[in-house]
Every structure is written in structure tokens, then in C-alpha cells.
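Here is a walk through one protein model, with charge pairs and helix packing as the main stops. Keep the structure open as you read.

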Amino acid sequence: WESEIGGRHVDNSSYRSQYIQSGNENISEQSIAVYDAFWKRLQKSEDAVGKPMEDGYTTEEYVKLIDGMNVSNISAFLTYKSKINRYLKWLNGNGLLDQEFVDNLRLVKYDMVPSYHVYDTKYFKDFHSLQQSIEDTLWAAERIDDRIFSTQITAIYLAWCGYTAEEAVSIKKDEVFEDHIDSSGHKCFPNDKIMEYIKDYRDATEYESQGRGVITLKYVYSDLLLRTCRADSVDTKTLRIMLRGFGKSSGEEVNLFTYDKIYWSGMFNRAYIYELENGEIKPGDVETMETIFQQKYPSVAVANKRLRDYQKFKEHFFPEAKG
């Protein structure tokens, strides 16, 4: 790894090559590509800081380094910090770095890393921003009939409402009622926009498409809500591919719609509304977290990890709520 920093040529590759070859990092062949990508990302972030780690970093410089690596959740943060720490300890053990610079990394906490630029692509702030993205995509796609995307948009709405991909593909038409959906033991009352759209899709039998001329495509008959003109059901893998395809139909090379992104955006948005009405969700309150986030947690630590992800979401999108 070589870089041009502050007008001087820095070669920190020899130390890193020695470290990797020392066997200190026990990596399998399958992990080599991921490991290589980590060091390349680290190098790029170092260039932004303005000097290599071997020169010794302050705590603030480590924060900038990790932030520059696009860390968007606590798992990634802990993984990256651990990898960097192992290398720093190796440098220290070989007399190449003073202990204070190893200690400076230990002071870096997840809360100190902004990662806000990542959050704008990782989540939708609220239903309005999700709806705006759907409408922008439909406008840019310039299709003769927006209903060509009805299956995808319905799936987006189901994800927002808190149905997992597995639950969404199993929802039946007769589980969609006038003002709610009741499926997989999950009763949901969506907003009017979502409810009306899903009911229209439930009752639809066809839509128009542009081929050599305008053609009418009929949905395959199905008891299931999510179906297409080719199949009476959609599996989760196909559903995820369809959502990505919809996001790219506007011509933008960006992964705008992914099921998990929409699912957790909706979940965190509801958590924020819950806190406005009931007060802050407290760390360790596993029962409340399991109710709000619709997950069972094997330990308090795992539950608190999800809460921290939510808190970062809230700090970014609703900074006025801080304190």
C-alpha cells in the first residue's frame, strides 16, 4: 500500500505485508477477497485523514478513519475496530508504534462515529420520503401503465408495514380486509394510501404494457396476494430481485429499494412514533424492544444492539429529538 500524503510519498506496505504474512490473521481462502477489500478501504480512508496509521493516530483521527470506511451499524464498527486493533497491537509488539496510539483506538465508541452519509442511503426517514422515491421512480421509468409495478409497490408497502419477506409472499387475498391486513398472526392497520393501493392490487386482474404496441397482461389466478402475469406466487428471492429491478428502472445505478432497507425504515419510524407517545425505549427493556421491533432476542446484549441501530437512525433523521 503506497500513498501520496501531504506531498510526501509514504510506503506503509512493508509493515502490512509482514503483518499479513506473519499468520497473525488466520484467514481462509474464501475470506481473502473480503480481507483484501478491507485493507483497500482502510487505505482510502487513511488518505482522507492525511497520514498512515503507522505515524500514530489521535482518537479523533481514528473516528475519522472509521467513519470514512462507511460504517453504518455496530456490528461493522466492532469488526473494523477489532481488525485495526490487532494490527496496531502487532506494530506495538514489534516496537513500531507507541502504546498511546493503541490506547487511542480503544477510546473510540460507536456513538462517536457519525456515519450520517450512510444513513441517507440505508434508510427512508418516513413514509413521505418512501412514497416520494416510489413516485420519482415511476415518473422516471416512463411506463404506459404504472400498474406494471403493482407487485413491487405492494411488496414495498408490506415491508414498510413490518411484514418480513417470508410473511409477505404468503399473504392471501382474503387476508386483506377493508381497513387492515391480518396474516401470519400479524394484524396491521396501514395508512389510507397503502390500504387503498393494496386493495386495488388485490382485486386487479390485468394491466397494460408497451411491447410493439400496447398489450394487456393478465395476472395468473391465485389465492395469494403477490402474483405476476407469469406466476401465481412469488418466492422471496424473486421478490428481492423485483424490488432491486424497480429501483433501477429509473436509470439510476443505485440500489434504491431493498426489502430489508424498507422493512427497518418502517420499523424504526414506528419506534420513533412510539417514543413520542410513551417516552424513550430504555436499554435492557427487552420486552418493549421485542414488541416494537417484532423480534425475539436471545440476550439483552443482542436487543441493545438493535436499539443502538435505531438510536443512530433517530439521531440522524430526527436530531431535534436528542436529549
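## A pair in helix 5

Let's start with Asp103 and Arg106, whose side chains form a salt bridge with N and O 3.2 Å apart. This is a predicted model, by the way. Why can these two reach each other along the helix? Asp103 and Arg106 sit 3 residues apart in helix 5 (residues 99-106), so about one helical turn separates them.

How open is each partner to the outside? Asp103 is partly exposed, at a relative accessible area of 25%. Arg106, at 52%, is exposed.

## More charge pairs

A similar story comes up in helix 10 (residues 192-203), where Lys199 and Glu196 are 3 residues apart, about one turn of the helix. Lys199 makes a salt bridge with Glu196, and their closest N and O atoms are 3.1 Å apart. Is Lys199 buried or exposed? Its relative accessibility is 6%, and since buried means under 20%, Lys199 counts as buried. Glu196, on the other hand, has a relative accessible area of 42% and is partly exposed.

Arg202 and Asp203 pair up too, with a salt bridge of 2.8 Å from N to O. Elsewhere, Arg16, Glu46 and Glu54 are joined into one network by salt bridges that share partners. In total, the model has 12 salt bridges. As a general point, side chains of opposite charge can pair when their charged atoms come close.

## Helix 3 against helix 5

Back to helix 5, this time for its packing. Two packed helices are described by the angle between their axes and the distance between the axes. For helix 3 (residues 59-67) and helix 5, the angle is about 55° and the axes are 8 Å apart. That angle is why helix 3 counts as oblique to helix 5. The crossing of helix 3 past helix 5 is right-handed.

Which residues do the touching? From helix 3 come Thr59, Tyr62 and Ile66, and they meet Phe101, Asn104 and Leu105 of helix 5. Sorted by class, this contact of helix 3 with helix 5 has 4 nonpolar and 2 polar residues, with no charged ones.

## Helix 12 against helix 13

Further along, helix 12 (residues 259-278) and helix 13 (residues 286-293) cross at roughly 130°, with their axes coming within 9 Å. Helix 12 and helix 13 are therefore oblique to each other.

On the helix 12 side, the contact uses Tyr263, Trp264, Met267, Phe268, Ala271 and Tyr274, while helix 13 brings Thr288, Ile292 and Phe293. The contact of helix 12 with helix 13 breaks down into 8 nonpolar residues, 1 polar and no charged.

## A serine tucked away

What about Ser133, buried or exposed? With a relative accessibility of 14%, Ser133 counts as buried. Ser133 belongs to helix 7 (residues 127-141). Leaving aside residues up to four places away in sequence, Ser133 touches Phe124, Leu256 and Phe257.

## The whole chain

Stepping back, the protein has 14 helices and 6 strands. Of its 323 residues, 45% are buried, and Lys199 and Ser133 are among them.

How far along the sequence do contacts reach? Taking the contacts between residues at least 6 apart in sequence, 61% join residues at least 24 apart.

Methods. Residues numbered from 1 in each chain as written. Predicted model: local features only at pLDDT ≥ 70, side-chain atom pairs only at ≥ 80, totals over all residues. Heavy atoms only, no water. Salt bridge = Lys/Arg side-chain N within 4 Å of Asp/Glu carboxyl O. Helix = DSSP H or I, 4+ residues; strand = E, 2+ residues; numbered from the N terminus. Buried < 20%, exposed > 50% of the residue type's maximum accessible area, 1.4 Å probe, protein only. Axes fitted to C-alpha atoms, helices over the stretch in contact; angles between N-to-C directions. Parallel < 35°, antiparallel > 145°, perpendicular 65-115°, else oblique. Left-handed = near helix turned anticlockwise from the far one by under 90°. Contact = heavy atoms within 4.5 Å. Nonpolar A, V, L, I, M, F, W, Y, C, P; charged D, E, K, R; others polar.
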